[in-house]
Amino acid sequence: MAINLTKGQRIDLRKASGAALSSFCVGVNWGGIESRVESSGFLGFGRKIETVVEDVDLDLSAVLLNQRGELYDQIYSPLYRAELLAKFGLPPGKLEAAGGALKHSGDDLTGDSGGDDGLDNEIITVNLSAVPPDVAQIFFFLNNCGQQDFSQIPYAKIRMFEGTPTHVKEVFASYNVAAESSYRNRRALIMGRLYRKDGEWKFAAIGDATEDGFVAQTVSRIISQYAHA
Ligand SMILES: [Ca+2]
Ligand SMILES: [Ca+2]
């Protein structure tokens, strides 16, 4: 049975049998912006309609915080400019964190072209049982690297689920940031957090959209406003 969490809802990451979950994934499936352009040939001959696709570069990232709410580790695109990250006190991007307990599938720069393929363009997998004890919370968030806001993208579907990229077992929370009018003019989304309580992992849906134009702004926001909430 799928649970579709709304903002602020929290759940235990346990199976019906009582066993703790170990595989948690966050995936984002989105498409480029397609528009139909008419080109007219000489004297109207050779007139044709073409589909032009504008790339959309969404970036899925995560930060791992310790018990004091300080940055422990992070996953974000290695394509971000290191000197710009350094101005915010952040290290260069990478696709693994916490000794491989978290892995990112890689930075997709375009989105689907030719319609929704139903597959996640970027995905972060978490092996909960391998996350070091010093990690108290893991936040997942999305940034848009391009000039568009979320409402201009044809679809951008986020799923947070138990399972693997090829086998989705149970979806805990999902958002479609392209379709929801409250995400108009917004370019970043703080999606949810995993946190430890009494030695067990729990998940809370957040779903807060912001105007952050760069990943470092979202990281600072999480540490200053969400880490102790
Ligand atoms: Ca991307
Ligand atoms: Ca896709």
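# Reading a predicted fold: strands, a helix and a core

Guide: The protein has two helices and 14 strands. Keep in mind that this is a predicted model.

Visitor: What radius of gyration would a compact globule of 229 residues have, and what does the protein have?

Guide: The rule for a compact globule gives a value near 17 Å, and the protein has 19 Å, which agrees. Then look along the principal axes. The C-alpha trace spans about 75 × 45 × 30 Å.

Visitor: How many of the residues count as buried?

Guide: Of the 229 residues, 36% do. Contact range is a second global reading. Take the contacts between residues at least 6 apart in sequence: 65% of them join residues at least 24 apart.

Visitor: Now the sheets. What is the strand order in the open sheet of six strands?

Guide: The order is S7-S8-S9-S2-S11-S12, and the pairing is antiparallel. Next, find the edges. Strand S7 (96–97) and strand S12 (167–176) each have a single partner strand, so one side of each has no neighbour in the sheet.

Visitor: How many bridges join S11 to S12?

Guide: Eight, and the two strands run antiparallel. S11 covers residues 156–164. To fix the register, pick one pair: Ile-158 has Tyr-175 of S12 as its bridge partner. The link between S11 and S12 is a hairpin through two residues.

Visitor: Which strands does S13 pair with, and by how many bridges?

Guide: Seven bridges join S13 to S10, and nine join S13 to S14. S10 and S13 run antiparallel, and so do S13 and S14. Register again: Phe-141 stands opposite Ile-190 of S13. On the other pairing, Gly-192 has Ala-205 in S14 as its bridge partner.

Visitor: How many residues of S13 are buried?

Guide: Seven of its ten residues are, so S13 is largely enclosed by the rest of the structure.

Visitor: What sits between S13 and S14?

Guide: A turn of two residues, which makes S13 and S14 a hairpin. Check phi there. Asp-198 has a positive phi of about 50° although it is not a glycine. Asp-198 has 5 C-beta neighbours inside 10 Å, so it counts as exposed.

Visitor: Where does Asn-185 lie, and what is its phi?

Guide: Asn-185 is in the loop between S12 and S13. Its phi is near 65°, positive in a residue other than glycine. Asn-185 is exposed, with 11 other C-beta atoms within 10 Å.

Visitor: On to helices. What span should H2 have, and what do its end C-alpha atoms give?

Guide: Multiply the rise by the steps. At 1.5 Å a residue, the twelve residues of H2 (residues 215–226) should span 16 Å; the end C-alpha atoms are 15 Å apart, which agrees.

Visitor: Which residues of H2 are buried?

Guide: Val-215, Thr-218, Val-219 and Ile-222. These four cover an arc of only 105° around the axis, which puts them on the same side of H2. The face turned away from that buried side carries the exposed residues Ser-224 and Gln-225.

Visitor: What do the buried residues of H2 pack against?

Guide: Four strands: S5 (58–65), S10 (137–144), S13 (188–197) and S14 (200–210).

Visitor: Now the core. Why look for clusters of nonpolar residues?

Guide: In soluble globular proteins, nonpolar side chains tend to be buried together. Here the largest nonpolar core has 55 residues. S5 gives the largest share, six residues. Those with the most contacts inside the core are Ala-62, Leu-64, Ile-124, Phe-141, Leu-142 and Met-191.

Visitor: Is Ala-62 buried or exposed?

Guide: Count C-beta neighbours. Ala-62 has 23 inside 10 Å, so it counts as buried. Ala-62 lies in strand S5. Beyond four places in sequence, Ala-62 touches residues including Gln-74, Leu-102, Ile-124 and Phe-140.

Visitor: How far apart are the C-alpha atoms of Ala-62 and Asn-185?

Guide: They are separated by 22 Å, and the two residues are 123 residues apart along the chain.

Visitor: Which residues is Leu-142 in contact with, leaving aside its neighbours within four places in sequence?

Guide: Among them are Val-28, Leu-58, Leu-60, Ile-158, Ala-188 and Met-191. Look up Ile-158 once more: it is the bridge partner of Tyr-175 in S12.

How values were computed
Residues are numbered from 1 along each chain as its sequence is written. Chains are lettered from A and ligands numbered from 1 in the order in which they are written. This is a predicted model: local features need pLDDT of at least 70, side-chain atom pairs count only at pLDDT 80 or more; totals for chains, interfaces and linings use all residues. Two strands pair if DSSP finds at least two bridges between them. The expected span of a helix is 1.5 Å times one less than its number of residues. A residue is buried if 20 or more other C-beta atoms lie within 10 Å of its own, exposed if 12 or fewer, and partly exposed in between; C-beta atoms are placed from the backbone. The arc is that of the directions from the helix axis to the C-beta atoms. Two residues are in contact if their C-beta atoms, placed from the backbone, lie within 7 Å. A nonpolar core is a set of buried Ala, Val, Leu, Ile, Met, Phe, Trp, Tyr and Cys residues joined through C-beta atoms within 7 Å. The radius of gyration is taken over C-alpha atoms; the globule rule is 2.2 Å times the number of residues to the power 0.38.
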